[in-house]
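Biologist: Please take one part of this chain and go through it closely, starting with what is exposed. Then follow the threads from there into the rest of the fold.

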Amino acid sequence: MSQRWLPALMLALACGGGGGGGAAAKPSPSDVATTPDAAVRSFMAAVADSNIARMGRYWGTGKGPAAIVGQPADHQQRLTVTQSYLRNTPYRVVRMDPAPNDRMTVTLDLDRHDPDGTTCVRRVPFGVVNTGKYGWIVASIDLNQAGAPSQPCAGQRT
């Protein structure tokens, strides 16, 4: 992906979209993350499974998960790009911090590997929000911190 598109992608992912949603389906109890780190772990499990629909259950806005409320309208494209940045990446939750507006920041260490065999650890913050009946969901991810999909360790060798 060209570096000139990265800022636009980050803005699109951070904004998460707005607008009203349609009728929202009731989530099953197994789909409700009861803690911020559970939301991130569930999201990352869906990334590992290449399950965009399930990723949409754990990503969205304060109104609810994108897969349930249908917002933003282009959530499948956004999640496909996000999946390309995060797939095949072992991770560890390293901290959870309160953030403004009753949100939490869950920080992950991602173990990244370039095609040339170099490795690095990328620290990536995930903004998480409690939606109430839908539980905790991921509302933002700083993909700049994850590194480009083709060379995630560029500029950060260990």
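Modeller: A residue counts as exposed when its relative accessible area is over 50%, and as buried when that area is under 20%. One caution before we start: this is a predicted model.

Start at the loop between strand E3 (91-99) and strand E4 (103-113), where Asn101 sits. Asp102 is in that loop between E3 and E4 too. What is the relative accessible area of Asp102, and is the residue buried or exposed? The value is 68%, so Asp102 is exposed. Asn101 also counts as exposed, because its relative accessibility is 68%.

Now the backbone. Asn101 has a positive phi of about 60°, although it is not a glycine. Asp102 is not a glycine either, yet its phi is positive, at about 55°. Those are the loop's backbone angles.

Step back to the whole chain. The chain has 5 helices and 6 strands. Read from the N terminus, the order is α-α-α-β-β-α-α-β-β-β-β. Of the 158 residues, 43% are buried. Take the contacts between residues at least 6 apart in sequence: 60% of them join residues at least 24 apart.

Next, go inside, to Phe43. Phe43 is at 0% relative accessible area and is therefore buried. Phe126 is buried for the same kind of reason, because its relative accessible area is also 0%. How many aromatic pairs are counted? The count is 1 aromatic pair. In that pair, the ring centres of Phe43 and Phe126 are 6.4 Å apart and the planes stand at 70°, so the arrangement is edge-to-face. Phe43 belongs to helix H2 and Phe126 to strand E5, so the pair ties together parts 83 residues apart in sequence.

Phe43 also has a role in a helix contact. Helix H2 (residues 36-48) and helix H5 (residues 75-86) have axes that come within 9 Å and cross at roughly 85°. H2 is therefore roughly perpendicular to H5, because angles from 65 to 115 degrees count that way. From H2, the residues in the contact are Phe43, Met44 and Val47. From H5, they are Leu79, Thr82, Gln83 and Leu86. By type, the contact holds 5 nonpolar and 2 polar residues, with no charged ones.

Stay with H5 for a moment. Arg78 lies in this helix. Is Arg78 buried or exposed? At 12% relative accessibility, Arg78 counts as buried, because the limit is under 20%. Its C-alpha atom is 9.8 Å from that of Gly56, and the two residues are 22 apart along the chain. Pro72 is in the loop between helix H4 (66-69) and H5. The peptide bond from Gln71 to Pro72 is cis, with omega near -5°.

Now to strand E6, and Ile137 within it. Ile137 has a relative accessible area of 0%, so it is buried. The C-alpha atoms of Ile137 and Val40 are 7.4 Å apart, although the residues are separated by 97 positions along the chain. Leaving aside neighbours within four places in sequence, the contacts of Ile137 include Ala39, Tyr58, Trp59, Pro65, Val128 and Val129. Arg57 and Thr131 are also among them.

Last, return to strand E5, this time for a covalent link. How many disulfides are counted? There is 1 disulfide. Cys120 and Cys153 form it, with sulfur atoms 2.3 Å apart. That is inside the 2.5 Å cut-off for a disulfide. Cys120 is in strand E5 (residues 119-130), while Cys153 is in the segment after strand E6 (136-141). The two cysteines are 33 residues apart, and the pair links distant parts of the chain. Torsion about the S-S bond is about -90°, so the disulfide is left-handed. Cys120 and Cys153 are buried.

To close the loop we opened with: Asn101 and Asp102 are exposed because their accessibility is 68%, whereas Phe43 is buried because its relative accessible area is 0%.

How values were computed
Residues numbered from 1 in each chain as written. Predicted model: local features only at pLDDT ≥ 70, side-chain atom pairs only at ≥ 80, totals over all residues. Heavy atoms only, no water. Helix = DSSP H or I, 4+ residues; strand = E, 2+ residues; numbered from the N terminus. Buried < 20%, exposed > 50% of the residue type's maximum accessible area, 1.4 Å probe, protein only. Axes fitted to C-alpha atoms, helices over the stretch in contact; angles between N-to-C directions. Parallel < 35°, antiparallel > 145°, perpendicular 65-115°, else oblique. Contact = heavy atoms within 4.5 Å. Nonpolar A, V, L, I, M, F, W, Y, C, P; charged D, E, K, R; others polar. Phe/Tyr/Trp six-rings, centres within 6.5 Å; stacked < 30°, edge-to-face > 60°.
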